[in-house]
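Please set out a short briefing on the sheets, the enclosed spaces and one loop residue of the structure shown below. Group the points by topic and keep them plain.

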Amino acid sequence: MTDPVIEMKGITKTFPGVKALSDVSFDVRAGEVEALVGENGAGKSTLIKILSGVYHADAGEVRLSGTPVHFVHPVESLRAGIAVIYQEFSLLPERTVAQNLFLGREPRGRFGLIDEAKMRRETRKVLDLFATGGRIDPDRTVGTLDVATQQMVEIAKAVSYDARVIVMDEPTAALNEAECEELFATVDRLRERGVAVIYITHRMREITRLADRVTVLKDGEVAARFDTVPAPDAIVHAMVGRDIEDFYAPPATEAEIGAPVLTVSGGSNAVLHDIDLTVRAGEIVGLAGIQGAGRVALALALFGQEPFERGEVTLAGKRVAFRSPREAIEAGVGLLPGDRKSEGLVLMQSVRDNAMLTPRAFAPLWSSHKRTRQADLDGIDDLLDRMEIRAASYDQDIRALSGGNQQKAIVARWLSMRPKLLIFIEPTRGIDVNAKAGIYHLMRELARGGAGILMISSDLPEVIGAADRILVMQEGRIAAEFAHGPSEQEIMHAATGETGGGERAA
């Protein structure tokens, strides 16, 4: 067994009033993928920021290939061969791929001018190290690339520094199934090149697919260390103290499912073709499919943002034809966007203000003009209390909350409308295991309260575990329908056009 490239011993870090890390020891070897997991707030980000020189430990030691190091700035750790790829990319969207890879260290030619040709050649060499890198044009402007390709550029940038250690923080948060497989192949290639990879994720499937070892943090301490990857249940137990089976609320029974809340017949527009769909009160309907299959387009059509051009839609038995989100909201449709930070929240405003953002949100609850401002605040605070949001105060900026608590604040916003239909797009993207369980149980509670729920997710285990019924989309059409609990293989067969046992939706 080789010696560790990175050793972190007895790391302790305290912020005012909070002990973020307590005597944490951690290491990773060359050619190894070490999964670093834990709930939000467990200390993962703090540990990585100490490794990269963003923070300085109060106690403990960091060793790089056996030599003690003390980075006072992230640039120092990068020059030493430690690259961190965060969820929010550090790329400059208006510059090319080559310019991003060599930003601040551009090769120079005659008279000290930037040697553009050499920079492109060197970029090409780095990109060709990866299976899918050949399709990336070094002269392409980064802002025109899709998320998966930008992720590849970030990794290529790290490799261009000759990084010995690459940290990936939730790298698949915005990727679909096919893009995830491309990323996994890239990680395999890095392992073959002898690069040590620290892989931070909340997804059990990725851990079992990629990791050689697993370190679990909980409340700033090492809760478990596995030298071989165990069954997911053991990892979950170490993280939150309960089984995977407890994540998902029990599926609805026939007695709990009521009349149709939503029906779509022959719904079509430029992307969607002859959509026939029913969502009943008390029911969670999952919508699966590969990227570009039309899942989000369907959500936007139902929400009036990209309306149907043909077909018939009914909501609670009444025919509707939404031409704007405002019309959908006023009729009782709520939508939780896939990117809550850019599409669902105003990060510089308080938790309370974010929960009160929806236009005319309080009309159904408080139709009397005699209501006071304080009564309005009390009403929204009651909803936030129901969501069990963990915040120092509802006056706190929502950007300081975890992803799960931010998601709950958006749900509280829609609850004020007493919605008939709630559409969740990627409901647990980027949130930890325990917070996921809270979202799943909240969805079930909303359904049992009489709402119909349409859940769009790229995480197949999530769709299978949380939904009462699953529809699979392919090329803008509903290709198959499954009752609760199909296999991932059956869903993927239907999503890719192969036979898989699902019944064709009527």
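The points below take up two sheets, then a cavity and a pocket, then a single loop residue.

The model is predicted, not experimental. One open sheet in it has four strands, and another open sheet has six. The count of cavities of 30 Å³ or more comes to five.

**Four-stranded sheet**

- The strand order in this open sheet is S2-S1-S4-S5, and the pairing is antiparallel.
- Strands S2 (18-29) and S5 (67-69) are the edges; each has a single partner strand, so one side of each has no neighbour in the sheet.
- On average, neighbouring strands of this sheet are turned by 25° against each other, with direction ignored.
- Strand S1 (residues 4-15) and strand S4 (residues 59-64) run antiparallel and are joined by five bridges.
- Within this pairing, Ala59 in S4 is the residue opposite Thr12.
- Helix H1 (residues 44-51) packs on the sheet and touches S1, S2 and S4. The direction of H1 makes about 115° with that of S1.

**Six-stranded sheet**

- The strands of this open sheet follow the order S16-S17-S18-S13-S19-S20, with mixed pairing.
- At the edges stand strand S16 (333-336) and strand S20 (477-483), each of which pairs on one side only.
- From one strand to the next, the twist averages 20°.
- Four bridges link S16 to strand S17 (residues 421-425), and the two pair in the parallel sense.
- Leu336 has Phe424 in S17 as its bridge partner.
- Helix H14 (residues 403-415) packs on this sheet through contacts with S16 and S17. The direction of H14 makes about 170° with that of S16.
- Helix H15 (residues 433-448) lies across strand S13 (284-288), S17 and strand S18 (452-456). Relative to S18, H15 runs at about 150°.

**Second largest cavity**

- This cavity holds about 60 Å³ of space.
- Its lining consists of 10 residues, and those nearest the centre are Ala148, Gln151, Met152, Glu179 and Leu183.
- Helix H5 (147-160) and helix H6 (177-192) each supply at least two residues of the lining. H5 gives the most, with four residues.
- By class, five of the lining residues are nonpolar, two are polar and three are charged.

**Second largest pocket**

- About 580 Å³ of space lies in this pocket.
- The pocket is lined by 22 residues; Leu78, Val84, Ser90, Lys157 and Tyr161 lie nearest its centre.
- Helix H2 (74-79), strand S6 (82-85) and H5 each contribute at least two lining residues. The most come from H2, which gives five.
- The lining divides into 13 nonpolar, four polar and five charged residues.
- H5 thus has a place in both linings: at least two of its residues line the pocket, and four line the cavity.

**Thr228**

- Thr228 sits in the loop between strand S10 (221-226) and helix H8 (232-240).
- The relative accessible area of Thr228 is 59%, and the cut-off for exposed is over 50%, so this residue counts as exposed.
- Thr228 and Arg213 are 15 residues apart along the chain, while their C-alpha atoms are separated by 5.2 Å.

Note on methods:
Residues are numbered from 1 along each chain as its sequence is written. This is a predicted model: local features need pLDDT of at least 70, side-chain atom pairs count only at pLDDT 80 or more; totals for chains, interfaces and linings use all residues. Side-chain values use heavy atoms; hydrogens and water are left out. On a 1 Å grid over the protein atoms alone, a cavity is a set of points where a 1.4 Å probe fits but cannot get out, and a pocket is an open set with protein on both sides within 12 Å along at least five of seven lines; lining residues have an atom within 4 Å of a point. Grid points are joined across faces, edges and corners, and a volume is the space filled by probe spheres set on the points. Ala, Val, Leu, Ile, Met, Phe, Trp, Tyr, Cys and Pro count as nonpolar, Asp, Glu, Lys and Arg as charged, and the others, Gly among them, as polar. Two strands pair if DSSP finds at least two bridges between them. Axes are lines fitted to C-alpha atoms, for helices over the stretch in contact, and angles run from 0 to 180 degrees between N-to-C directions. Contact means heavy atoms within 4.5 Å. Buried means under 20% relative accessible area, exposed over 50%, partly exposed in between (1.4 Å probe, protein chains only).
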